[in-house]
Amino acid sequence: MTIEEQNQSLEQIKQWNNDGEFVINDRTYKLTGLSHQFRVEVLSIYSQIEANIIMGNYAFLNRDDFKKVMAKVDDRVLYDGMQLSKLPKWFEEHPEDYLDFVAISLKVICFPFYSRKLNIN
């Protein structure tokens, strides 16, 4: 990935953070109820798995600590006004969204911790 591509990616994450929503496969996911403590919980898992996501190693998907955090994420992400946790078959119906959903939702939730460090406030 070139520096320009990295900058574009960071700008996209920044925009999604500012908007409180992100798009995957033309579906808009809206973030809600993101307290500081919740972001800390997400950061604690994301910091452990970020390199794996980049490398395409998704073995962490079966870890209990990851599943617990993602259950909380599903409580705070809406699709068409409904919590994903209330749509239990969502990713069975849209499996093509799942890996991007994991990578994007966690990165957007954690973005405020990184924004100053990345000098893109």
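# Exercises on helix packing and salt bridges

Glu41, at 25% relative accessibility, counts as partly exposed, and this residue returns in the second exercise below. The model used throughout is a predicted one.

**Exercise 1. Determine how helices H2 and H5 are oriented relative to each other, and identify the residues that make their contact.**

Step 1. Two packed helices are described by the angle between their axes together with the distance between those axes. For helix H2 (residues 36-55) and helix H5 (residues 95-115), the angle is about 120 degrees and the axes lie 8 Å apart.

Step 2. Angles of 65 to 115 degrees count as roughly perpendicular and those over 145 as roughly antiparallel, and the value for H2 and H5 belongs to neither range, so the two helices are oblique to each other. The handedness of the H2 and H5 crossing is left-handed.

Step 3. On the H2 side, the contact is formed by His36, Phe38, Arg39, Val40, Val42, Leu43, Tyr46, Ile49, Glu50 and Ile53, while H5 contributes Val102, Ala103, Leu106, Lys107, Val108, Ile109, Cys110, Pro112, Phe113 and Tyr114. Sorted by class, this contact of H2 with H5 comprises 16 nonpolar residues, one polar residue and three charged residues.

Step 4. Ile49 may be taken as one example from H2. With 0% relative accessibility, Ile49 counts as buried. Leaving aside residues up to four places away in sequence, Ile49 touches Phe60, Arg63, Phe66 and Leu106. The C-alpha atoms of Ile49 and Phe66, which are 17 residues apart along the chain, are separated by 9.1 Å.

**Exercise 2. Establish how many salt bridges the structure holds, and describe the pairs Asp97 with Arg27 and Glu41 with Lys72 in terms of their burial and their place in the chain.**

Step 1. Side chains of opposite charge can pair when their charged atoms come close. The structure holds four salt bridges.

Step 2. In one of them, the side chains of Asp97 and Arg27 meet at 2.7 Å, taken from N to O. Asp97 belongs to helix H5 and Arg27 to strand S2 (residues 27-31), so this pair ties together parts that are 70 residues apart in sequence.

Step 3. Buried means under 20% relative accessible area. Asp97, with a relative accessible area of 0%, is therefore buried, and Arg27, at 13% relative accessibility, counts as buried too.

Step 4. The side chains of Glu41 and Lys72 meet in another salt bridge, at 2.6 Å from N to O. This pair likewise links distant parts of the chain, with Glu41 in helix H2 and Lys72 in helix H3 (residues 64-76), 31 residues apart. Lys72 is partly exposed, with a relative accessible area of 32%, and Glu41 is also partly exposed, at 25%.

Step 5. A further salt bridge joins the side chains of Asp65 and Arg63, at 2.9 Å from N to O. Asp65 counts as partly exposed at 34% relative accessibility, and Arg63 counts as partly exposed at 28%. Elsewhere, salt bridges that share partners join Arg27, Glu96 and Asp97 into one network.

**Exercise 3. Which residues in the loop between strand S1 (21-24) and S2 have a positive phi, and are they buried, partly exposed or exposed?**

Step 1. Asn25 is found in this loop, and its phi is near 50 degrees, a positive value in a residue other than glycine. With a relative accessible area of 41%, Asn25 is partly exposed.

Step 2. Asp26 is found in the loop between S1 and S2 as well, and the phi of Asp26 is near 65 degrees, again a positive value in a residue other than glycine. Asp26 counts as exposed, at 77% relative accessibility.

**Exercise 4. Classify the packing of H1 against H5, and describe the composition of the contact.**

Step 1. The axes of H1 and H5 are 9 Å apart and the packing angle is about 75 degrees. H1 and H5 are therefore roughly perpendicular to each other.

Step 2. Leu10, Ile13, Lys14, Trp16 and Asn17 of H1 make the contact with Ile104, Lys107, Val108, Phe111 and Pro112 of H5. By class, the contact of H1 with H5 holds seven nonpolar residues, one polar residue and two charged residues.

Step 3. Glu4 also has its place in helix H1 (residues 3-19), and at 57% relative accessibility Glu4 counts as exposed. The C-alpha atoms of Glu4 and Lys67, 63 residues apart along the chain, are separated by 34 Å.

Conventions. Residues are numbered from 1 along each chain as its sequence is written. This is a predicted model: local features need pLDDT of at least 70, side-chain atom pairs count only at pLDDT 80 or more; totals for chains, interfaces and linings use all residues. Side-chain values use heavy atoms; hydrogens and water are left out. Axes are lines fitted to C-alpha atoms, for helices over the stretch in contact, and angles run from 0 to 180 degrees between N-to-C directions. Helices (H or I, at least four residues) and strands (E, at least two) are DSSP runs, numbered from the N terminus. Angles under 35 degrees count as roughly parallel, over 145 as roughly antiparallel, 65 to 115 as roughly perpendicular and the rest as oblique. A crossing is left-handed if the near helix is turned anticlockwise from the far one by less than a right angle, and right-handed if clockwise. Contact means heavy atoms within 4.5 Å. Ala, Val, Leu, Ile, Met, Phe, Trp, Tyr, Cys and Pro count as nonpolar, Asp, Glu, Lys and Arg as charged, and the others, Gly among them, as polar. Buried means under 20% relative accessible area, exposed over 50%, partly exposed in between (1.4 Å probe, protein chains only).
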